[in-house]
Amino acid sequence: MRRISALAATVAVTFSLAGCGDLGGLDLSRVGEEGKTTWVKLALNQTETHPSYIALDHLSERFEERTDGRWKIDVYPNEQLGSQQEVLQFVKSGAIEMAIVSGTQLENLNKDFQVLNMPTTFSSVEHQMEVIRDPEIVGDIFSSLEDSDNISVIGGFTQGGRNIYTSFGIVEEPADLAGKKIRVQESYMHIRMIQLMGGSATPLSYGEVYTAIQSGVLDGAENNEVSYSTQRHMEVAPYYSYTNHLIGLDYMIMRYDLRQAMSEEDRAIFDEEWNNAMIEHTELWDQETQKAIEDAKAAGAEFAEVDREAFVEALAPIKDEFLTTDYQRKLFDAIRAADKSDEGGAK
Ligand code: GCU
């Protein structure tokens with residue numbers, strides 16, 4: 001059920017190339033036409049109970065309604081169309097039209113996205129959501145993949161605070177991770193992040209994590225509570241430690257040629273409803289996080305506050321290692337300057 005990916009992807013690509021049916025093959029000169037429905041495939045790697053699915057499902061309903069059925073977005077959850085690494089390539093090639101991908105995936109197309117995936121960049125979800133709505137800060141980077149990869153970055157959903165969880169016990173401080181294999185997303189920077197935090201990093205796609213921990217290939221992973229619970233990772237890694245090392249970010253990406261082919265009116269409706277989806281997602285986030293904690297506890301998980309300062313200190317070198325160009329430093333400074341909290345933000 002989880003993944004019909006390889007097959008689905010082949011079918012999607014084949015249909016797309018053949019230009020037939022609902023599975024793909026959009027005729028860009030006719031999208032959004034009166035009296036006809038343009039079907040758009042949107043890939044997601046989360047379950048149907050995850051806030052991202054809920055917000056996207058509502059977006060789909062509203063967009064269809066406001067365009068009198070001229071547009072229909074089909075949201076495919078659970079990695080049905082492939083892992084994020086795969087669907088990124090499918091959006092690029094035009095086999096599918098939209099996807100939600102983690103920032104770590106975009107890093108592999110443009111290293112500057114590392115700035116937004118780095119521990120210390122964002123101080124809070126509010127700070128993050130404000131930054132990604134500010135074209136002066138993110139306008140250039142969000143359009144940076146349009147000519148090279150046919151990908152427009154439309155906006156984002158927060159991943160909230162990410163924390164370490166393991167099969168062996170609470171991780172109080174970096175020394176507790178010595179020799180332990182922790183799953184990371186497919187990102188060089190996140191491999192380094194776990195090394196600095198004291199562990200040994202293994203990049204793996206999201207859908208493979210449960211089995212890898214269950215079989216003992218991995219000792220743990222890092223993610224927010226919502227993923228921890230909706231992916232049932234607490235069943236194999238019941239110790240959740242609040243390292244809070246990163247406020248992660250997912251992006252909505254769309255084929256650039258499709259975005260250009262949309263009428264101005266439809267694009268404006270889409271953008272308005274996408275903005276509403278971001279608002280709904282942010283509102284749902286806290287509530288769903290609380291629910292995820294309760295569900296995980298009921299399944300036997302333990303949540304613990306740990307020596308967060310020790311992890312902040314361990315991660316301090318990451319900034320100099322990964323902010324290597326003037327543009328990256330400027331982007332980082334602009335993001336930090338937009339932080340209005342009086343906590344002083346990330347170190
Ligand atoms: C979060 C995020 C996903 C990402 C996942 C991961 O759940 O929302 O986009 O794929 O983390 O760790 O791979």
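Is Arg62 buried, partly exposed or exposed? With a relative accessible area of 24%, Arg62 is partly exposed, where buried stands for under 20% relative accessible area, exposed for over 50% and partly exposed for what falls in between (1.4 Å probe, protein chains only). The model is a predicted one, so local features were taken at pLDDT of at least 70 and side-chain atom pairs at pLDDT 80 or more, while totals for chains, interfaces and linings use all residues. Residues are numbered from 1 along each chain as its sequence is written, and side-chain values rest on heavy atoms, with hydrogens and water left out.

Arg62 makes a good starting point for the salt bridges. Its side chain meets that of Glu273 in a salt bridge, 2.4 Å from N to O; the term covers a side-chain nitrogen of Lys or Arg within 4 Å of a carboxyl oxygen of Asp or Glu. Glu273 sits in helix 12 (residues 264–298) and Arg62 in helix 2 (residues 51–66), so the pair ties together parts that are 211 residues apart in sequence. Helices and strands here are DSSP runs numbered from the N terminus, helices being H or I with at least four residues and strands E with at least two. Glu273 counts as buried, at 5% relative accessibility. Counted by the rule above, there are 20 salt bridges.

Another pair is Glu97 and Arg255, whose closest N and O atoms are 3.8 Å apart in a salt bridge. Since Glu97 belongs to the loop between helix 3 (84–93) and strand 3 (98–102) and Arg255 to strand 8, this pair ties together parts that are 158 residues apart in sequence. Both Glu97 and Arg255 are buried, with Arg255 at 7% relative accessibility. Arg255 also forms a salt bridge with Asp257, and here the closest N and O atoms are 2.9 Å apart. Asp257 is partly exposed, at 23% relative accessibility. Add Lys41, and there is a network of salt bridges linking Lys41, Glu97, Arg255 and Asp257.

What about polar contacts? Glu222, in strand 7 (residues 220–223), is buried at 0% relative accessibility. Its side chain is joined to that of Arg162 by a polar contact of 3.0 Å, and to the side chain of His245 by another, of 2.8 Å. A polar contact is a pair of N or O atoms within 3.5 Å; within protein, one must be able to donate a hydrogen and the other to accept it, and residues adjacent in sequence count only if both atoms are side-chain atoms. His233 is found in the loop between helix 10 (225–230) and strand 8, and is buried too, with a relative accessible area of 1%. The side chains of His233 and Tyr165 make a polar contact of 2.7 Å.

Helix 8 (residues 188–196) has Met189, His190, Ile191, Met193, Ile194 and Leu196 as its buried residues. An α-helix has 3.6 residues a turn, so residues three or four places apart point the same way. At the N-terminal end of helix 8, Ser187 acts as a cap, with a side-chain oxygen 3.2 Å from the backbone nitrogen of Met189. After helix 8 comes Gly198, which has a positive phi, near 105°.

Most residues other than glycine have a negative phi. Thr120, though, has a positive phi, near 90°. Thr120 lies in the loop between helix 4 (103–107) and helix 5 and is buried, at 17% relative accessibility. Asn244 has a positive phi as well, near 40°. Asn244 is placed in strand 8 (residues 239–255) and is partly exposed, with a relative accessible area of 31%.

Out on the surface, Glu172, Glu173, Asp307, Glu309 and Glu313 form a negative patch. Patches take residues with over 30% relative accessible area and no salt bridge, joining like charges within 9 Å and nonpolar side chains (Val, Leu, Ile, Met, Phe, Trp, Tyr) within 5 Å. Glu172 sits in the loop between strand 4 (151–166) and strand 5 (181–184) and is partly exposed, with a relative accessible area of 40%. Glu126, in helix 5 (residues 125–132), is exposed at 56%. The C-alpha atoms of Glu126 and Glu302 are separated by 27 Å, the two residues being 176 residues apart along the chain.

How values were computed
Accessible areas come from the Shrake-Rupley method with a 1.4 Å probe; for residues, only the protein chains shown count as cover. Lys and Arg count as positive and Asp and Glu as negative; His and the chain ends are not counted. The place of a charge is taken as NZ of Lys, CZ of Arg, CG of Asp or CD of Glu.
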